[in-house]
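Good morning, and thank you for coming. Please look at the structure on the screen, and I shall guide you through several of its parts.

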Amino acid sequence: MTEKALRLGTRRSRLAMAQSGQVADAVSQVTGRPVELVEITTYGDTSREHLAQIGGTGVFVTALRDALLRGEVDFAVHSLKDLPTSQPEELVLAAVPVREDPRDVIVARDALKFTDLPRGARIGTGSPRRMAQLNAYARAHGLDIETVPIRGNVDTRIAYVRDGGLDAVVLAAAGLNRIGRGEEVTDFLSVDTVLPAPGQGALAVECPADRAELIAALAELDDPFTRVAVTAERSLLAALEAGCSAPVGALADLPPYAAPFERGNPHADGQIVKEMRLRGVVGTTDGSRMVQLSTTGPVPETHDQATTLGRQLAAEMLAQGAAGLMGERAQ
């Protein structure tokens with residue numbers, strides 16, 4: 001008799017379904033059990049309000065977590081950058097698989113690069129973090145851009161450019177790669193220009209804390225380096241008392257040797273890298289004031305070490321006035 005299918009809770013967006021499908025295949029291989037996707041509509045998917053006004057990207061997570069707690073699904077897949085930094089006791093983060101490319105990208109008209117956009121170019125993004133850093137870069141380099149708040153899925157956002165309403169939109173490289181649209185990218189934004197959201201490019205696989213057997217199976221998908229990196233980034237975000245939609249960027253990666261290392265592979269070129277660098281940025285959305293700092297230390301070996309790294313950098317940022325740049329701090 002075939003074992004009962006595991007139920008994976010997912011948002012209905014094309015990107016969420018693609019991400020969840022990839023995890024479902026991996027879980028099926030590990031457990032030998034079929035995995036069925038259970039589509040869950042969240043308030044963030046149906047509301048047309050700007051994310052910052054309805055509680056940030058955490059609104060995408062709540063409905064999935066409720067379904068887990070009610071026993072309607074066995075586990076759920078989230079974009080890790082959407083996950084609030086406080087973890088409910090009844091749920092456990094069973095796996096953080098290998099991270100995709102964490103960078104932000106531009107999809108622009110006429111295949112333009114960011115620095116080639118015309119004066120007064122209108123760039124769409126729903127993220128205060130992206131607005132702050134793009135505007136700061138433009139100020140520092142004499143570029144004249146206008147950041148325009150937008151919402152919607154990948155198709156909707158790219159359509160703004162195709163229809164001529166915007167000159168460019170900013171999206172996450174990981175999302176485009178996962179839905180097979182990476183070839184539409186016209187420019188990769190270096191992490192030196194725009195630091196990604198904490199956890200960007202990583203997925204979070206969550207399940208009830210009392211399902212020991214399932215937790216053990218899902219743990220097979222966990223990538224220890226990705227986990228400590230995103231733990232440090234999220235610890236920074238939590239210590240700044242900032243929510244998912246605050247203008248905070250963070251990236252834990254390896255000191256800058258070469259471009260492949262932007263992907264954060266600790267085994268690049270066969271060498272084990274012993275140091276991890278954590279960078280953080282916070283700024284006003286107009287880019288006029290920014291606090292950007294970094295710290296480098298041994299690659300954390302435990303959750304506590306990764307958390308400490310994030311807290312320490314956050315404390316330095318707060319000492320330099322970061323709190324005053326975030327608008328309303330998350331309660």
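Let me begin with a pair of strands. Strand 12, which covers residues 275–283, is joined to strand 13 by 9 bridges, and the two run antiparallel. Please bear in mind that this is a predicted model. One of the residues to find here is Val282, whose bridge partner in strand 13 is Val291.

These strands belong to an open sheet of 3 strands, with antiparallel pairing and the order 11-12-13. At its edges are strand 11 (248–253) and strand 13 (290–298), each of which pairs on one side only. From one strand to the next, the twist averages 10 degrees.

Now, what lies across strand 11 and strand 12? The answer is helix 8, residues 224–239, which runs at about 150 degrees to strand 11.

We turn next to the nonpolar cores. The largest of them has 27 residues, and Ala232, Leu236, Leu240, Val248, Met276, Val282 and Met317 have the most contacts inside it. At least two residues of this core come from each of helix 8, strand 11, strand 12, strand 13 and helix 9 (303–319). Which element gives the most to this core? It is helix 8, with 6 residues.

Consider Met317 in particular. Among the residues that Met317 touches are Leu236, Leu240, Val282 and Val291. Val282 and Val291 are the bridge partners that I named earlier. Apart from this core lies another, of 16 residues, including Val23, Ala24, Ala94 and Val205.

Let us move to Leu64, in helix 3 (residues 59–69). Is Leu64 buried or exposed? Its relative accessible area is 2%, and therefore Leu64 is buried, the limit for that term being under 20%. The contacts of Leu64 with residues over four places away in sequence are Gly9, Thr10, Arg11, Ile40, Ala76, Val77 and His78. As for Arg11, 53 residues from Leu64 along the chain, the C-alpha atoms of the two are separated by 7.6 Å.

Finally, I come to aromatic rings. How many aromatic pairs does a search of the whole structure find? It finds 1. The ring centres of Phe114 and Tyr137 are 5.6 Å apart and the planes are at 45 degrees, so the pair is tilted. Phe114 is in the loop between strand 5 (104–108) and strand 6 (121–124), whereas Tyr137 is in helix 4 (residues 128–140). The pair thus links distant parts of the chain, 23 residues apart. Phe114 is also buried, with a relative accessible area of 4%.

Thank you for your attention.

How values were computed
Residues numbered from 1 in each chain as written. Predicted model: local features only at pLDDT ≥ 70, side-chain atom pairs only at ≥ 80, totals over all residues. Heavy atoms only, no water. Pairing = 2+ DSSP bridges. Helix = DSSP H or I, 4+ residues; strand = E, 2+ residues; numbered from the N terminus. Axes fitted to C-alpha atoms, helices over the stretch in contact; angles between N-to-C directions. Contact = heavy atoms within 4.5 Å. Buried < 20%, exposed > 50% of the residue type's maximum accessible area, 1.4 Å probe, protein only. Core = buried A, V, L, I, M, F, W, Y, C linked by side-chain atoms within 4.5 Å. Phe/Tyr/Trp six-rings, centres within 6.5 Å; stacked < 30°, edge-to-face > 60°.
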